[in-house]
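Student: I haven't seen this one before. Can you walk me through it?

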Amino acid sequence: PVTGIKGPNESGKSTIGETIPFVLKGITIDGREKALVSDRFIRKESNPRTASPIEASVALEIETATGETVALARRRVRGKDGNEKSSILLNGRKISPKELAHLLGPLEDTDALLSVYKTGYFMQLGETARRTVVMALLPPLNEAEEHSVLGIMDGVEGLSDFLACQKIEPTKEGLTALSKTAKKWAEELRSASVRVEEARAALAAVPADPPYPSTISLAEARKLVQSFDPKAGKLCPLCRNELSPADIQLAGLSIARYQARLIAEEREEERGKWEALLASLEEAPKDLAQNIARASAAIHTIREAIVERSSLQLAKLRLPKGYTLKLFEEKELETGEIEITECCKFLVGELDFSCLADSVQIQGGYELSKALRRASGIEMPIWVDRLESCYLHLDLEPQTVLARVTPPGTRLSIEEIQESA
């Protein structure tokens with residue numbers, strides 16, 4: 001049924017609303033910590049050390065999927081020393097928090113529980129927390145949907161082998177790891193390119209071979225002969241006979257040619273060294289550039305697959321027309337590439353939820369809570385607060401509690417509502 005709770009401020013409406021989150025998680029309807037909850041359910045005594053122990057308990061009757069009714073209760077006892085003890089009872093039997101967490105399933109998380117239970121709570125969270133809630137509640141894809149997502153990956157030749165070689169899974173975590181690897185490769189490519197340019201500059205700096213002499217002057221020849229054998233001068237170093245000018249020129253030309261060959265061989269050896277180094281250095285940028293290109297294609301494809309997977313999962317929320325939950329945004333970079341970034345925005349029409357009037361926020365928040373409840377698979381109540389601020393039609397579903405403030409002097413009342421509000 002749909003339940004309506006109405007009464008003036010401070011009449012106990014919120015206290016009734018607190019019961020479900022208190023029993024299930026020991027928290028308030030706003031998600032506050034247990035210490036604050038304690039003060040809400042067991043009021044402080046003026047002198048707790050001399051006061052009698054105080055006990056407060058709240059119990060819920062829950063109908064299971066099999067039609068069985070079970071009783072779940074949370075009990076708090078504050079002793080004379082002011083310390084508190086809390087326990088959880090299922091059909092009168094004390095159970096551990098671990099057992100309770102198993103019963104709650106995906107709603108064991110506080111944010112997930114309150115996102116379903118309290119309309120508007122989800123949008124009070126940061127975008128990262130919202131994404132976490134949505135991804136925790138969304139059901140897994142069926143076999144046909146998984147095949148559709150895998151088809152995106154299979155459409156890129158060599159992608160599977162590349163990812164396997166890099167030990168990367170086509171997931172969000174794998175995408176992050178691959179992006180880091182691609183960034184590292186890009187830095188290595190820049191360093192390798194610098195080394196290649198340095199090697200090319202060194203190769204270009206090797207002087208050209210000296211010209212091979214065909215003639216030489218007598219003075220140059222004599223200088224070369226003397227430098228080769230200081231004692232030679234005009235005498236032959238072998239027979240010690242006086243050398244003719246023609247002999248000196250011939251000997252000097254031979255020495256000049258010999259020295260030119262030595263210099264040419266040294267420079268050829270130096271060029272060969274730089275050419276070999278350059279050839280080996282040029283291979284690294286080619287390999288790195290190829291890996292970066294493959295990584296870029298893989299990143300784009302993995303993002304496309306992740307977006308497709310999320311789109312298929314979001315479709316299971318079955319939000320009414322005009323409501324959109326966005327988990328990704330596309331941004332065109334200066335390079336012309338499309339960058340996909342994570343987000344979690346709830347749009348009504350083209351407007352962000354935070355920009356809307358109270359009535360639209362209450363209506364949209366209720367539709368979102370219903371969608372998240374469907375995704376969780378657990379039929380728990382939804383608490384719609386501040387109904388007096390909503391002037392729009394609500395498409396009510398069973399297990400909805402409507403809280404409305406009435407003028408002072410009226411009494412708190414609870415009634416079953418048969419028609420949509």
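Tutor: One term before we begin: a strand is a DSSP run of E of at least two residues, and strands are numbered from the N terminus. Also keep in mind that this is a predicted model.

Student: Okay, strands. Where is Arg 78 placed?

Tutor: Arg 78 sits in strand β3, which covers residues 69-78.

Student: Buried or exposed, that Arg 78?

Tutor: Arg 78 has a relative accessibility of 8%, so it counts as buried. The cut-off for buried is under 20%.

Student: How far is Arg 78 from Pro 53 in space?

Tutor: Their C-alpha atoms are separated by 5.5 Å, while the two residues are 25 residues apart along the chain.

Student: Switching to empty space. How do people find it in a model anyway?

Tutor: A probe the size of a water molecule is rolled over the atoms, and that shows where empty space is left.

Student: What volume does the largest pocket have here?

Tutor: About 1100 Å³. It is lined by 34 residues, and those closest to its centre are Ile 62, Glu 379, Met 380, Pro 381 and Gln 399.

Student: Which elements give two or more residues to that lining?

Tutor: They are β1 (2-7), α1 (13-25), β2 (54-63), β3 (69-78), α3 (97-104), α4 and β10 (400-405). The largest share comes from α1, with 5 residues.

Student: And how do the lining residues of the largest pocket divide by class?

Tutor: There are 23 nonpolar, 8 polar and 3 charged residues in that lining.

Student: What about closed-off holes? How many cavities of 30 Å³ or more are there?

Tutor: The structure has 2 of them. The largest cavity has a volume of about 50 Å³.

Student: Which residues line the largest cavity?

Tutor: The lining consists of Ser 115, Thr 119, Gly 120, Phe 122, Met 123, Phe 353, Gly 365, Leu 368, Ser 369 and Leu 372. Split by class, that is 5 nonpolar, 5 polar and no charged residues.

Student: Which element gives the most to the lining of the largest cavity?

Tutor: That is α12, with 4 residues. Both α5 (121-124) and α12 (358-376) supply at least two residues each.

Student: You listed Thr 119. Where is Thr 119 found?

Tutor: Thr 119 is in the loop between α4 (110-117) and α5. Its relative accessibility is 13%, so Thr 119 counts as buried.

Student: What separates the C-alpha atoms of Thr 119 and Val 384?

Tutor: A distance of 5.7 Å, although Thr 119 and Val 384 are 265 residues apart along the chain.

Student: Now helices. At roughly what angle do the axes of α9 and α11 cross?

Tutor: Helix α9 (residues 172-205) and helix α11 (residues 245-315) have axes that cross at roughly 160° and come within 8 Å. Angles over 145 degrees count as roughly antiparallel, and therefore α9 and α11 are roughly antiparallel to each other. As for handedness, α9 passes α11 in a left-handed crossing.

Student: How do the residues of the α9 contact with α11 divide by class?

Tutor: The contact has 24 nonpolar, 3 polar and 8 charged residues.

Student: Which residue is found in α11, say?

Tutor: Leu 281 is one of the residues in helix α11. With a relative accessibility of 17%, Leu 281 counts as buried. From C-alpha to C-alpha, Leu 281 and Arg 195 are 7.2 Å apart in space, and they are 86 residues apart in sequence.

Student: At roughly what angle does α10 cross α11?

Tutor: Helix α10 (residues 218-228) and α11 have axes that come within 8 Å and cross at roughly 65°. That makes α10 roughly perpendicular to α11. The crossing of α10 and α11 is left-handed.

Student: Last topic, the backbone. What is the usual sign of phi?

Tutor: Most residues other than glycine have a negative phi.

Student: So what is the phi of Lys 167?

Tutor: Lys 167 is not a glycine, yet its phi is positive, about 55°. Lys 167 lies in the loop between α8 (159-166) and α9. Its relative accessibility is 76%, so Lys 167 counts as exposed.

Student: And Arg 318, what phi does Arg 318 have?

Tutor: Arg 318 has a positive phi of about 55°, and Arg 318 is not a glycine. The loop that holds Arg 318 runs between α11 and β6 (323-332). Arg 318 counts as exposed, because its relative accessibility is 54%.

Terms used
Residues are numbered from 1 along each chain as its sequence is written. This is a predicted model: local features need pLDDT of at least 70, side-chain atom pairs count only at pLDDT 80 or more; totals for chains, interfaces and linings use all residues. Side-chain values use heavy atoms; hydrogens and water are left out. On a 1 Å grid over the protein atoms alone, a cavity is a set of points where a 1.4 Å probe fits but cannot get out, and a pocket is an open set with protein on both sides within 12 Å along at least five of seven lines; lining residues have an atom within 4 Å of a point. Grid points are joined across faces, edges and corners, and a volume is the space filled by probe spheres set on the points. Ala, Val, Leu, Ile, Met, Phe, Trp, Tyr, Cys and Pro count as nonpolar, Asp, Glu, Lys and Arg as charged, and the others, Gly among them, as polar. Axes are lines fitted to C-alpha atoms, for helices over the stretch in contact, and angles run from 0 to 180 degrees between N-to-C directions. Angles under 35 degrees count as roughly parallel, over 145 as roughly antiparallel, 65 to 115 as roughly perpendicular and the rest as oblique. A crossing is left-handed if the near helix is turned anticlockwise from the far one by less than a right angle, and right-handed if clockwise. Buried means under 20% relative accessible area, exposed over 50%, partly exposed in between (1.4 Å probe, protein chains only).
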